[in-house]
Amino acid sequence: MSEAAVRLGRPGWSIRRALGVVVLLAALAAVPGFANNYYLEVLSEAWFYVLLCLGLNIVVGFAGLLDLGYAAFFAVGAYTAGIVTLRLGLSFWLSLPISVVAASIAGVIIGGPTLRLRSDYLAIVTLGFGEMVRISVRNLAVTGGASGLVGIERPTLFGYHLDSIGAYYYVFLLLAVLGVVASHRLENSRIGRAWKYVRSDEDAARAMGINHAMVKLAAYILGAIFAAIGGCFYAAKMTAISPETFTFNQSLLILLGVVLGGRGKIPGVILGALVIVIFPELFRDVGSMRMLVFAISLLLIMLFRPAGIWPEKWR
Amino acid sequence: MAALLEVSGLSLSFGGLRVLNGVDLAVGKGAIASLIGPNGAGKTSVFNCLTGFYRPSSGSIRLAGRRINGLAPHRITRLGMARTFQNLRLFRELSAIENVMAGRHCRTRAGALDAILETPRHRREERAIRAQAERWLAFVGIPEVSEQMAGTLPYGHQRRVEWARALATEPSLLLLDEPGAGLNSAEKADLVGLVRRVRDELDVSVLLIEHDMGLVMQVSEHITVLDYGRKIAEGNAAAVQSDPRVIEAYLGREEDAL
């Protein structure tokens with residue numbers, strides 16, 4: 001690796017690649033100019049899932065921990081936005097820092113007790129945590145019970161009211177891009193390497209002076225923050241949220257995106273997220289069989305590409 | 001010579017099994033010391049107690065005068081004790097340089113926010129981590145493998161990567177668990193040179209466990225012999241070699257041999 005690449009913190013980053021990224025972003029930014037609302041709706045959802053999958057990838061891909069309750073963090077963000085705007089009457093923008101704090105606390109709550117657990121046990125505890133959050137918001141008065149929160153006000157940014165699908169297309173595209181940049185920088189940092197050390201050999205990592213408990217907690221917290229920030233904007237876009245959005249199926253879908261694409265590999269995870277959103281849409285013509293076709297395609301992909309469509313090189 | 005590592009009355013039990021029984025051990029500042037003994041004598045258990053992986057049932061462990069028993073492994077490493085493992089424990093799917101960079105973790109500070117914002121502090125630190133890791137790979141004589149995946153390196157190189165990784169933590173005491181295992185005679189000769197360079201050039205004291213008696217006698221200035229979790233002898237190479245208890249532990253009693 002050249003000295004310049006090290007300084008940029010972007011291994012293998014060339015001018016050609018930078019140019020490719022600029023062209024791609026320009027093309028994506030131009031989409032609302034000609035696409036109809038249906039396409040914008042689907043693509044916004046795709047960008048949203050890119051953010052969620054990248055967040056879960058920190059836990060599952062980088063740190064190698066299983067998490068079957070990731071939708072809980074998404075719920076924390078969405079409900080924070082709902083409560084901050086509806087119950088407290090504060091600005092939507094305040095819900096961002098508050099949800100980051102709330103997600104960090106949730107990350108510690110789930111991360112703390114699970115630090116000593118591995119694989120299957122971890123899966124059970126995280127699954128339980130996901131359900132706990134969903135059932136709690138279903139039964140609390142402040143979260144609106146089973147019917148959820150309705151009438152969340154859409155935010156205004158520099159005098160521009162974010163109330164069209166085109167606006168949310170840009171919001172989620174921006175979040176996805178920020179998610180990619182943050183993931184990439186984390187991956188190539190001291191903390192990102194520590195995740196990989198702990199994933200690879202926990203005892204050897206500890207012998208190297210790495211506090212494995214803190215490193216895992218950091219993964220849970222950062223993953224939670226990704227989902228919580230996404231959740232805030234999800235609430236703003238939908239204006240209504242209900243507990244049934246944050247089911248085990250939701251957690252599984254996000255995990256599917258990560259595993260399908262290739263955990264630990266950022267382009268793979270992006271691809272996985274796009275697949276889980278766009279595939280079912282492509283098969284709409286198949287009618288009631290579309291989820292079956294989707295499931296069979298997933299099985300085929302996992303059979304022929306067990307490490308994901310675009311895996312990290314070593315897996 | 002002031003003692004860098006002082007172990008006294010170290011005992012360890014697993015359930016009813018006494019693995020270590022009141023072991024005393026000292027490593028002087030700037031010393032090259034060895035811990036030897038037949039298979040199952042408890043040598044690796046001593047290492048695991050020293051590095052915090054096992055919690056001894058009694059006894060005290062002091063590093064540079066500071067009591068370290070009961071501390072977590074990562075804190076002990078931070079206090080200046082680094083180790084290699086009997087069976088290689090490299091991060092096999094990561095490159096050699098990334099492995100060595102692991103050793104810099106406990107001497108650096110940048111957090112997640114520094115990384116996301118790519119602060120100047122973070123960039124400076126990243127540059128320094130990589131430069132130092134490269135320096136350690138050069139020190140152990142394999143600068144050319146830095147971008148290769150550790151698990152694909154020849155065995156002797158993998159051992160050296162482990163050394164570099166341990167040295168990168170800036171230890172005052174380096175624990176080597178059977179550094180000669182699996183090496184050929186030329187590599188073992190290099191190993192002796194490397195142990196001496198670690199002590200002479202880096203001023204790092206060394207405590208090693210080794211089965212190859214030729215290597216132990218050649219390199220160590222002080223030898224402690226364990227058998228069945230007890231210390232049965234200590235001294236320099238000549239004294240230990242002629243100690244009847246040591247001969248008995250290794251070869252059996254004369255009447256047994258007949």
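Two strands count as paired here if DSSP finds at least two bridges between them. In this predicted model, strand E4 (residues 58-63) of chain B meets that condition with E5(B), since two bridges join them and the two run antiparallel. Within this pair, Leu63(B) stands opposite Arg66(B), a residue of E5(B).

## The two chains

The pair just described belongs to chain B, which holds eleven helices and ten strands, whereas chain A has 13 helices and four strands. The radius of gyration of chain A is 19 Å, close to the 20 Å that the globule rule gives for 315 residues, so chain A is as compact as a globular protein of that length. For chain B, a compact globule of 258 residues would have a radius of gyration near 18 Å, and the value of 19 Å for this chain agrees with that. The table sets out overall values for each chain.

| Chain | Span along the principal axes | Buried residues | Contacts at 24 or more positions, of those at 6 or more |
|---|---|---|---|
| Chain A | about 50 × 45 × 45 Å | 47% of 315 residues | 75% |
| Chain B | roughly 70 × 40 × 35 Å | 45% of 258 residues | 67% |

## The antiparallel sheet of chain B

The strands E4(B) and E5(B) are part of an open sheet of four strands, which has the order E2-E1-E4-E5 (chain B) and antiparallel pairing. At its edges lie strand E2 (17-28) and strand E5 (66-67) of chain B, each of which pairs on one side only.

## The mixed sheet of chain B

A further open sheet in chain B has six strands in the order E6-E7-E8-E3-E9-E10, and its pairing is mixed. Its edge strands, each pairing on one side only, are strand E6 (81-83) and strand E10 (230-235) of chain B. From one strand to the next, the twist of this sheet averages 20 degrees.

Strand E7 of chain B can be followed through its pairing on either side. With E6(B), the strand E7(B) pairs in the parallel sense over three bridges, and in this pair Ala82(B) stands opposite Leu174(B) of E7(B). With strand E8 (residues 205-209) of chain B, strand E7 (residues 173-177) of chain B also pairs in the parallel sense, over five bridges. Two of the residues of E7(B) can be matched to their partners in E8(B): the bridge partner of Leu175(B) is Leu207(B), and that of Asp177(B) is Ile209(B).

Helix H7 (residues 185-202) of chain B packs on this sheet, where it touches strand E3 (32-36), E7 and E8 of chain B, and the direction of the helix makes about 150 degrees with that of E8(B).

Are the residues of E7(B) buried or exposed? Five of the five residues of this strand are buried, and E7(B) is accordingly described as mostly covered. Leu173(B), Leu175(B) and Asp177(B) point one way from the strand, while Leu174(B) and Leu176(B) point the other way, and all are buried. The charged residue Asp177(B) is thus listed among the buried residues of E7(B), on the side to which Leu173(B) and Leu175(B) also point.

## The domains of chain B

The domain assignment of chain B gives domain 1 (1-80 + 171-258) and domain 2 (90-169). Taken over C-alpha atoms, the centres of the two domains of chain B are separated by 27 Å. The contact between them takes ten residues from domain 1 of chain B and eight residues from domain 2 of chain B. On the domain 1 side, the elements that give two or more residues are helix H2 (73-78) and H7 of chain B, and H2(B) gives the most, with three residues. By class, this side of domain 1 has five nonpolar, three polar and two charged residues.

## The contact between the chains

How many residues does each chain give to the contact between chain B and chain A? The contact takes 34 residues from chain B and 28 residues from chain A. On the chain B side, two or more residues come from each of H2, helix H3 (96-102), helix H4 (112-117) and helix H5 (120-139) of chain B. The largest share of that side, five residues, comes from H5(B). By class, the side of chain B that touches chain A has 13 nonpolar, nine polar and twelve charged residues. Helix H2 of chain B is therefore an element to follow in both settings, because an element is listed when it gives two or more residues, as H2(B) does towards domain 2 of chain B and towards chain A.

Conventions
Residues numbered from 1 in each chain as written. Chains lettered and ligands numbered in written order. Predicted model: local features only at pLDDT ≥ 70, side-chain atom pairs only at ≥ 80, totals over all residues. Axes fitted to C-alpha atoms, helices over the stretch in contact; angles between N-to-C directions. Contact = placed C-beta atoms within 7 Å. Domains from an automatic or database assignment. Rg over C-alpha atoms; globule rule 2.2 N^0.38 Å. Buried ≥ 20, exposed ≤ 12 C-beta atoms within 10 Å, placed from the backbone.
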